[in-house]
Amino acid sequence: MTHSLLSPTATLLVGSLRAAITRGGDDETVAAQVARTLEGHLTDPFLLSAAQREPDPNAYRQHVLHVEPDGSFSVVALVWLPGQETCIHDHVSWCVVGTYVGEEEETTYRLRGDRLIPLRVNKTPEGVASYLVPPGDIHKVCNNSSSVAISIHVYGADIGILGTSIRRRYDQPVSGR
């Protein structure tokens with residue numbers, strides 16, 4: 001199911017992702033293959049339409065680009081205005097994130113008892129993709145820059161049915177290491 005009209009280059013991306021995913025392997029292997037595939041498309045200026053780059057003034061905006069008919073993967077574009085961020089969360093499946101415009105900042109956490117312990121802060125510049133595989137994928141993503149950031153996310157889940165890739169939100173206090 002495609003929710004937005006895909007550009008010819010986005011259609012090529014979906015075909016490349018499909019091939020990477022059908023090569024198979026465990027979740028770590030598949031996510032790594034998808035990240036390598038996505039990186040090859042992040043410099044394409046025609047990947048997203050103007051409508052797919054539209055932000056929301058109140059929160060980061062999700063544009064569902066494609067949901068594979070068998071539900072095996074979904075592709076979304078997230079558009080972030082400066083200062084916008086996610087809650088601390090984890091995912092229902094592997095997740096690949098590629099920065100298309102700007103830079104994203106991700107903070108990863110470990111749950112220790114009733115507290116979240118920050119592990120590291122990763123800045124993902126334009127053109128770079130990374131991936132997370134549950135369990136142990138607790139994180140928060142934000143745009144700490146002064147300009148719009150856009151990222152392309154590929155999830156090993158049917159976002160059309162689920163509506164989100166978030167498995168759980170974490171509201172526990174954050175403390176030092």
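**Around strand E9 and three histidines**

Reader: Hi! Which residue is the bridge partner of Val 75 in E9?

Author: The partner of Val 75 there is Val 154. E9 is a strand covering residues 149-155; helices (H or I, at least four residues) and strands (E, at least two) are DSSP runs, numbered from the N terminus. This is a predicted model, where local features need pLDDT of at least 70 and side-chain atom pairs count only at pLDDT 80 or more, while totals for chains, interfaces and linings use all residues. Residues are numbered from 1 along each chain as its sequence is written, and side-chain values use heavy atoms, with hydrogens and water left out.

Reader: OK, and how many bridges join E2 to E9?

Author: Seven, and strands E2 (residues 74-80) and E9 run antiparallel. Two strands pair if DSSP finds at least two bridges between them.

Reader: What about E4, how does it run relative to E9, parallel or antiparallel?

Author: Antiparallel: E4 (residues 95-101) is joined to E9 by six bridges. One example is Thr 99 in E4, whose bridge partner in E9 is Ser 151.

Reader: Why is E9 described as largely enclosed by the rest of the structure?

Author: Because seven of its seven residues are buried. Buried means under 20% relative accessible area, with exposed over 50% and partly exposed in between (1.4 Å probe, protein chains only).

Reader: Which way do its residues point?

Author: Ala 149, Ser 151, His 153 and Tyr 155 point one way, while Ile 150, Ile 152 and Val 154 point the other way. In a regular strand, side chains alternate between the two faces of the sheet.

Reader: Back to Val 154, then. What does it touch?

Author: Leaving out residues up to four places away in sequence, Val 154 touches Leu 17, Val 34, Leu 38, Phe 73, Ser 74, Val 75, Trp 94, Cys 95 and Val 96. Touching, or contact, means heavy atoms within 4.5 Å.

Reader: How many residues are in the largest nonpolar core?

Author: It has 28, and Val 154 is one of those with the most contacts inside it, as are Val 34, Leu 38, Phe 73, Trp 94, Val 96 and Ile 152. A nonpolar core is a set of buried Ala, Val, Leu, Ile, Met, Phe, Trp, Tyr and Cys residues joined through side-chain atoms within 4.5 Å. Helix H1 (8-22), helix H2 (27-39), E2, E4 and E9 each supply at least two residues of this core, and H1 gives the largest share, six residues. Apart from it lies another core, of 11 residues, among them Trp 80, Val 97, Val 141 and Tyr 155.

Reader: New topic! Where does UniProt place the "binding site" feature?

Author: The unreviewed UniProt entry puts it at His 89, His 91 and His 139. Its positions are in the numbering used here, feature names are shortened, and annotations may be inferred rather than shown by experiment.

Reader: Why do these residues count as gathered at one spot?

Author: They span 51 residues in sequence, yet no two of their C-alpha atoms are more than 9.3 Å apart, so they come together.

Reader: Are His 89 and His 91 buried or exposed?

Author: His 89 is buried, at 4% relative accessibility, and so is His 91, at 3%. His 89 lies in strand E3 (residues 89-91), and His 91 is in E3 as well.

Reader: And what does His 91 touch?

Author: Not counting residues up to four places away in sequence, its contacts include His 139, Asp 137 and Tyr 155. His 89 touches residues including Asp 137, His 139 and Tyr 170, with the same sequence neighbours left out.
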